[in-house]
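Subject: Structure for your files

Hello,

Here is the structure you asked for. My notes on what turned up in it follow below.

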Amino acid sequence: MKVCSTENMQIAERELIVSGTPARTLMKLASSGIAESLMQFFPDPGLCVAYVGKGNNGGDALTVLNILKQHGWEIGFRTAYPRNEWSELSVRQLAEISPPPQEYQAPPLPRTGKPMILLDGLLGIGAKGMLRREISALCAEMNYIRNRCGAIRTVAIDIPTGVDPDTGMPQQNAVEADFTMCIGAVKQGLLDDDATLFAGRLVCIDLPGLHVQALPATELITSSRLTKFLSARPYTDYKNKRGHIGVIAGSEGMLGAARLCCEAALRAGAGLVTLHVHKNVYPLIAPSMPPEIMVRPVDSYADISIRTFSAFLIGPGIGSVSEEDAEAIRLILETGTPTVLDADGLNLAAAMQWNLGEHVLATPHHGEIRRLLPDADNYAIRADIADCFLAEHEAALVYKGARTIVTQRGKPLFYNITGDPGMATAGQGDVLAGICGGFISQGESLLVSAVLGVYLCGRASEMAISAGEATQQTLTAGDTLRHLPSAILSTARLCY
Ligand SMILES: NC(=O)C1=CN([C@@H]2O[C@H](COP(=O)(O)OP(=O)(O)OC[C@H]3O[C@@H](n4cnc5c(N)ncnc54)[C@H](O)[C@@H]3O)[C@@H](O)[C@H]2O)[C@@H](O)CC1
C-alpha cells in the first residue's frame, strides 16, 4: 500500500469514480475490508458503536456496522447531526440496515463480558480546520470511554478524527485510536511521530483500481510485500543449505537474552545455531538451552571459528566486554560476514566509535541510537534520526519504536505497521534480533530480513493478544516467540 497526501487521494478517488466505479461501490469495498480486518483483530463478536459524522466517513462506519451485524455483532451508533445534514450515501447506508441499529442519545455503556469497539466515523479526509464543537465533544467522549474501561478499543476509519492527515498534527480532543483502517493509501501525516499515539496500529485496506500518486522514499511493511519470502521450500532442502548462525550472547545475570535470541533464530528457519558463551557461564546456560541449539564454551570470543558461519548475531545480554573480546568482535565485523548487531553490541560499537559497514544490521532502540549518534539530540523527528544514522554508517538499520523504521543507504524508509504497546517489555529485542539473524543466515538480504523480523514480531505479539492468550499487560517476549508460527502463516496468507 502507498503513502500519499490527502489531495492526491482525493484526485485518485475522483478518477476512479469518473472511470465508472460508483462512490457507493467504493464505500462497500472499503467497508467490507474494514469489517474483515476488524474481525481479524476481534474474533469474538461484541458490541460495536459507530460515531457518525455528516460525511462519507460516517457512511463507511454505518456500512461496517451492517456487515458486523451479519456476523453476530450487536451494533449501535451515535451522531451529532440530523439525517438531513448527512451525505446522501450515509443516509442510504443507514436505511440498508434492517432492523435499524440503536441510536444512542447518551454515551454507550459497555456490555458485561463482551468486547466493545468504538468506531470513529466522525471525520475522514474531508475534514477542514478546527474541529467544530459538536464533533470535538464526541471525540472527547470516545476518549473518555476508552480510557476508563479495559475492554474497550477504538478503531478509526481512514484517519483518527482530529489528526491532520497531511501533517499528523493532533488537535485538542483528537481521537486516540488503537487501530486506524487506512482506505486505499495511508495518508502521509499518520506516519508522523506526533500522530503515532492517535493512529495506533495501521491497517491497509486496498481499493482495487485506485492509482494514487505516492510519496517518494516512504514505504510500508505489509503482508503483501512479505509473502514471497515465506514461500514453500524446495522438497530437497537440507539443514546445511539453511545456514549456520554464530551467536554471541548472554553473560552472568543476562542468560535469558541468549536463549530468546537463539530460539528465535532457530524458529525463523536457520539450519544450525551455535551459541558462544564464556566458560564461567557455560554450566549455567547450557542445561537451559533448547536441545537443538549448540552451545560452545570459549575463553574469549577470539576462540570463535569465524569461517564456520554464514551469519552472526552479536550483542544480546553480553554486558560490557574485555578488550580482547571487543577486538574479537571488531574482527568479526570486519570479515564481511552478515551480522546483526544488537543491544550491548551496539553499546560497544558506540563506545569504540566503530563505523558500521554495509554487511551489518544494527537494531537500536531510541537510547541505543542516541549513543551511536552523538548528534541525534539535534533531531526531534525519528525519520531524521534514521537519515542521520545512514549518513554516518553504511549499515542497515532497524530503528525500534512504536512505528519501527527499517532502512539502508539508497533505500526508502520502511515503516512497520504491526505491533502492540504490550511489546514494551523485556526480551522483545532479543527475539527480534534472533528472527532477523535467522533469515540472514539463510541467505536473505539484511533489508529483507529486517522487514520480515519487525513485521513478524509485531504480528506474533498482536496475535497472542487477539487469540486471548496474552493481554497488553501480560505479553512476554516468550509469548511473541510462541506465536511466531501463527504470524508466519497469517503473513503468508496475506492477513491484514
Ligand atoms: N469518496 C469516496 O469515494 C470514498 C470515500 N470514503 C470515505 O469518505 C471519507 C471522505 O468523505 P467526505 O469527503 O464526505 O468527508 P468526511 O467524511 O471527512 O466529512 C466531511 C463533512 O464533515 C464536515 N466537516 C469538515 N471539517 C469539519 C470540522 N473541522 N469539524 C466538523 N465538521 C467538519 C464537512 O462540513 C462535511 O460535511 C474518507 O475519509 C473515507 O472514509 C471511502 O468510503 C472510500 C470511497
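This is a predicted model. I begin with the ligand, which is surrounded by 27 residues, the closest being G55, N56, N57, G124 and G126. Three elements each give two or more residues to this shell: α1 (6-18), α2 (23-41) and α3 (56-70). The largest share, 4 residues, is that of α2. Sorted by class, the shell around the ligand holds 13 nonpolar, 8 polar and 6 charged residues.

Next, the domains. The domain assignment splits the protein into domain 1, residues 3-215, and domain 2, residues 228-492. Their C-alpha centres are 37 Å apart. Where the two touch, domain 1 supplies 9 residues and domain 2 supplies 8 residues. On the domain 1 side, the elements giving two or more residues to the contact are α6 (193-199) and β9 (201-205). The largest share of that side comes from β9, with 3 residues. By class, the domain 1 side of the contact consists of 6 nonpolar, 1 polar and 2 charged residues.

UniProt has an annotation for part of this region: its unreviewed entry gives "domain: YjeF N-terminal" for residues 9-215. Over residues 9-215 the model is 35% helix and 18% strand, and the C-alpha atoms at the two ends are 11 Å apart.

The same record also marks a site elsewhere in the chain. In the unreviewed UniProt entry, the annotation "binding site" covers K400, G401, A402, R403, T404 and G429. These residues are spread over 30 residues of sequence but cluster in space, with a largest C-alpha distance of 14.3 Å. I looked at two of them in detail.

T404 sits in the loop that runs between β17 (396-399) and β18 (405-407). Is T404 buried or exposed? It is buried, because 27 other C-beta atoms lie within 10 Å of its own and the cut-off for a buried residue is 20 or more. Setting aside residues up to four places away in sequence, T404 touches V398, Y399, N416 and V454.

G429 belongs to helix α14, which spans residues 428-441. G429 also counts as buried, because it has 24 C-beta neighbours inside 10 Å. Apart from neighbours within four places in sequence, the contacts of G429 are D342, A343, T363, H365 and K400. K400 is itself one of the residues under the "binding site" annotation.

Last, helix α17, residues 484-492. Which residues of α17 are buried? They are L484, A487, I488 and T491. These four lie on the same side of α17, because they cover an arc of only 100 degrees around the helix axis. As a general point, an α-helix has 3.6 residues a turn, so residues three or four places apart point the same way. The cover over the buried residues of α17 includes α7 (223-226), α8 (255-267), α15 (446-466) and α16 (477-482). After α17 comes L494, which has a positive phi, near 65 degrees.

If you want to go through the model in the order used here, start at G55, N56 and N57, which are among the closest residues to the ligand. Then turn to β9, on the side of domain 1 that touches domain 2. From there go to T404, in its loop between β17 and β18, and to G429 in α14, and finish at α17 with its buried residues L484, A487, I488 and T491.

Regards

Methods: Residues numbered from 1 in each chain as written. Predicted model: local features only at pLDDT ≥ 70, side-chain atom pairs only at ≥ 80, totals over all residues. Buried ≥ 20, exposed ≤ 12 C-beta atoms within 10 Å, placed from the backbone. Arc of directions from axis to C-beta. Contact = placed C-beta atoms within 7 Å. UniProt positions renumbered as here; feature names shortened; annotations may be inferred. Near = placed C-beta within 6 Å. Nonpolar A, V, L, I, M, F, W, Y, C, P; charged D, E, K, R; others polar. Domains from an automatic or database assignment.
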